[in-house]
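Student: I've got a model open on my screen and I'd like a close look at just one part of it. Could you take me through it slowly, starting somewhere easy to find?

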Amino acid sequence: MKLEIVTPDTVIYTGEDINLVQLPGIDGSFEVMDHHAPLITVLKKGQVKVVRKGEKPEFFDIKGGVIEMLENKLLVLAE
């Protein structure tokens, strides 16, 4: 899947061939995988874990936000 993590000030991350993204949901941590069903939800403060094919996971701290998963593209609008 494609992934973009953006804040009001800048683009934190953009990439393709993402296998899995683990996110801090308001009701607990959850994962979005390649070809996940469409989804919109709210995030709380925590870490976003990004797993690309054949690479070590990357971590990004956020203060909350919203995600949209649509047509195999995950957009994270973070604070």
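Student: To warm up, does D9 count as buried or exposed? After that, please stay with strand 8 and what surrounds it.

Tutor: Keep in mind that this is a predicted model. D9 counts as exposed, because its relative accessibility is 75% and the cut-off for exposed is over 50%. You'll find D9 in the loop between strand 1 and strand 2. For a sense of scale, the C-alpha atoms of D9 and E55 are 28 Å apart, with their positions 46 residues apart along the chain.

Now for strand 8, which covers residues 65-70. Start with the way its side chains point. In a regular strand, side chains alternate between the two faces of the sheet. Here, G65, I67 and M69 point to one face and are buried. V66, E68 and L70 point to the other face and are not buried. Try colouring the strand by those two sets and the pattern should be easy to follow.

Take V66 as your example from the second set. V66 is partly exposed, because its relative accessible area is 35%, and that falls between the 20% limit for buried and the 50% limit for exposed. V66 also belongs to a nonpolar surface patch of about 450 Å², together with I26, I40, V42 and L77. L77, in strand 9, is another partly exposed member, at 43% relative accessibility. Leaving out residues up to four places away in sequence, V66 touches I40, T41, V42 and L43, and also L75, V76 and L77. For a residue farther off, look at D34: it is 32 residues from V66 in sequence, and their C-alpha atoms are 18 Å apart.

Those contacts lead us to the strands that pair with strand 8. Strand 5 (residues 39-43) pairs with strand 8 in the antiparallel sense, over five bridges. In that pairing, V42 stands opposite V66, and these two residues are also members of the patch. Strand 9 pairs with strand 8 as well, antiparallel and over six bridges. Here the bridge partner of I67 is V76 in strand 9.

Strands 8 and 9 form a hairpin with two residues between them. E71, in the turn, has a positive phi of about 50°. N72 sits in the loop between strand 8 and strand 9 (73-78), and its phi is positive too, near 60°, although N72 is something other than glycine. You can find another non-glycine positive phi at D17, about 60°, in the loop between strand 2 (11-15) and strand 3 (18-25). D17 counts as partly exposed because its relative accessibility is 45%.

Next, turn to the nonpolar interior. Nonpolar side chains in soluble globular proteins tend to be buried together. In this model the largest nonpolar core has 18 residues, and L3, L23, L74 and V76 have the most contacts inside it. Strand 8 supplies at least two residues of this core, and so does each of strand 1 (2-6), strand 3, strand 6 (46-52), strand 7 (58-62) and strand 9. Click on L74 to see some of this: setting aside neighbours within four places in sequence, its contacts include I67, E68 and M69, as well as L3, V21, L23 and V32.

L23 brings in another hairpin, the one that joins strand 3 to strand 4 through two residues. Those strands run antiparallel, with six bridges joining strand 3 to strand 4 (residues 28-33). Within that pair, L23 stands opposite F30.

Finally, go back to strand 9, just past the turn, for the charges. Side chains of opposite charge can pair when their charged atoms come close. The structure holds one salt bridge. It is between the side chains of K73 and E4, at 3.0 Å from N to O. That pair links distant parts of the chain, since K73 is in strand 9 and E4 is in strand 1, 69 residues apart. K73 counts as partly exposed because its relative accessibility is 36%. E4 is partly exposed as well, with a relative accessible area of 21%.

Definitions and conventions. Residues are numbered from 1 along each chain as its sequence is written. This is a predicted model: local features need pLDDT of at least 70, side-chain atom pairs count only at pLDDT 80 or more; totals for chains, interfaces and linings use all residues. Side-chain values use heavy atoms; hydrogens and water are left out. Helices (H or I, at least four residues) and strands (E, at least two) are DSSP runs, numbered from the N terminus. Buried means under 20% relative accessible area, exposed over 50%, partly exposed in between (1.4 Å probe, protein chains only). Two strands pair if DSSP finds at least two bridges between them. Patches are made of residues with over 30% relative accessible area and no salt bridge: like charges are joined within 9 Å, nonpolar side chains (Val, Leu, Ile, Met, Phe, Trp, Tyr) within 5 Å. Accessible areas come from the Shrake-Rupley method with a 1.4 Å probe; for residues, only the protein chains shown count as cover. A salt bridge is a side-chain nitrogen of Lys or Arg within 4 Å of a carboxyl oxygen of Asp or Glu. Contact means heavy atoms within 4.5 Å. A nonpolar core is a set of buried Ala, Val, Leu, Ile, Met, Phe, Trp, Tyr and Cys residues joined through side-chain atoms within 4.5 Å.
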